[in-house]
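Thanks for letting me take a few minutes this morning. I would like to walk you slowly through one protein model, beginning with what lies inside and ending at the surface.

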Amino acid sequence: MAVGGYMDLEGVQHSALISSNFLPKLGLPIVAFTVVLPSISLLLVFRTNTSYKRWDEARKNWGMNINHTRDLVRMANTYYDSTGVSPEQRQNDLNHVAFCTWAFVRAMKRHLSPEAEDEIAFQLELYEKLPKQQAKMIIDAAHRPNRALQDLSYAIDNLPMHFARKNEIHMAATIFEDNLGSSERLLTSPVPLFYSRHLQRFLTVWLLLLPFSLYDAFASSWNHIAMIPATAVISLFMFGIEDQGTQLEEPFTILPMQTFCDKIYNWCMEIVSWSPGDNGKPMRPVKPEHSLFLDAADIQ
């Protein structure tokens, strides 16, 4: 309007408010933006792909937790040797394994979440479900998931069964440590800050200068006004892609980890409530020649 003229509401064209050879009409060639557009696209794609890989790895870690918690409790329930053990003691031992399994994933969730977001709920849940001394030991530990995993190992080792079967269950518990380590790596190693800032500066400057290249392209609209919504829509989608990468970069803030923990608790408690023969199909006694996990004294 100031240097390029304008059209009033009645369609009358007016000359520029300022006419000077030293103040030309501002404009930029569109080719300048098309040349750098592939660079911006590559930066956005790399950022989004990297962030998505971080989210995908975090989700797989929790998927492994879900699978192996059920697997661990299932093996503990199946391998439990009830010989000379009352049904009440059997149920108490298996419940303890289930509680310790849940305590680990719950401690892992708290370990990966901001303190202000989860600390109070974490302590309340532990005191509600675990013995007071065990809950206090986990809460006071410097590394809570490690303490919870140690309690789980104690609970497994206390089950009456052959050592080979205990080793199978311990192998499932070892996977939890791997998942925890992988998640800690994601938490402590974000995308480098200089990369994110450079991309934001590059994209911001590109979008701020874009209207100068679109001015002549929208000459057919009243006072080039169509350039405004066009620039707004382009900015919305470009910044939206960048924001997706920012959100996915921190996967533990968007994954429903509390829902995962609640489901793990429900499934584990359901599994330990089952007992051999409760489906109407009695379990046959194990023949000595098939008893690979019995002591030699028991076979004789």
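**Inside and outside of a predicted model**

Let me begin with a single residue, Cys268, which counts as buried because its relative accessibility is 0%. Please keep in mind throughout that this is a predicted model. A second cysteine, Cys100, is likewise at 0% relative accessibility, so Cys100 counts as buried too. When we see cysteines, we may think of disulfides, and a disulfide is a covalent bond between the sulfur atoms of two cysteines. How many disulfides does the count come to here? The count comes to 0, taking as the rule that the two sulfur atoms must lie within 2.5 Å.

Let me now step back to the whole chain. The protein has 300 residues, and 35% of them count as buried. Its secondary structure consists of 10 helices and 2 strands, and if you follow the chain from the N terminus, you pass through the two strands before you come to the helices. Among contacts with a separation of 6 or more, 73% are between residues 24 or more positions apart.

Where, then, do the buried nonpolar residues gather? The largest nonpolar core has 47 residues, and the members that touch the most others are Trp62, Leu72, Phe104, Leu126, Leu152 and Phe252. Several helices give two or more residues to this core, including α1 (30–79), α6 (163–188) and α9 (257–272). Which element gives the most to this core? That is α2, with 10 residues.

To make this picture more concrete, take Leu72 and set aside the residues up to four places away in sequence; Leu72 then touches Val97, Thr101, Leu152, Ile156, Ile169, Ala172, Ala173 and Phe176. Apart from the largest core lies another core, of 15 residues, with Ile40, Leu43, Leu44 and Tyr215 among them.

Finally, let us turn to the outside. The protein exposes about 17,800 Å², and carbon and sulfur atoms supply 61% of that area. Leu28, Val205, Leu208, Leu209 and Phe212 make a nonpolar surface patch of about 430 Å². One of these, Leu208, lies in helix α7, which covers residues 193–214. Is Leu208 buried or exposed? Leu208 counts as exposed because its relative accessible area is 59%, and the cut-off for exposed is over 50%.

So we end with a contrast that you can look for in the structure yourselves: Cys268 is buried, whereas Leu208 is exposed.

Note on methods. Residues are numbered from 1 along each chain as its sequence is written. This is a predicted model: local features need pLDDT of at least 70, side-chain atom pairs count only at pLDDT 80 or more; totals for chains, interfaces and linings use all residues. Side-chain values use heavy atoms; hydrogens and water are left out. Helices (H or I, at least four residues) and strands (E, at least two) are DSSP runs, numbered from the N terminus. Buried means under 20% relative accessible area, exposed over 50%, partly exposed in between (1.4 Å probe, protein chains only). Contact means heavy atoms within 4.5 Å. Accessible areas come from the Shrake-Rupley method with a 1.4 Å probe; for residues, only the protein chains shown count as cover. Patches are made of residues with over 30% relative accessible area and no salt bridge: like charges are joined within 9 Å, nonpolar side chains (Val, Leu, Ile, Met, Phe, Trp, Tyr) within 5 Å. A salt bridge is a side-chain nitrogen of Lys or Arg within 4 Å of a carboxyl oxygen of Asp or Glu. A nonpolar core is a set of buried Ala, Val, Leu, Ile, Met, Phe, Trp, Tyr and Cys residues joined through side-chain atoms within 4.5 Å.
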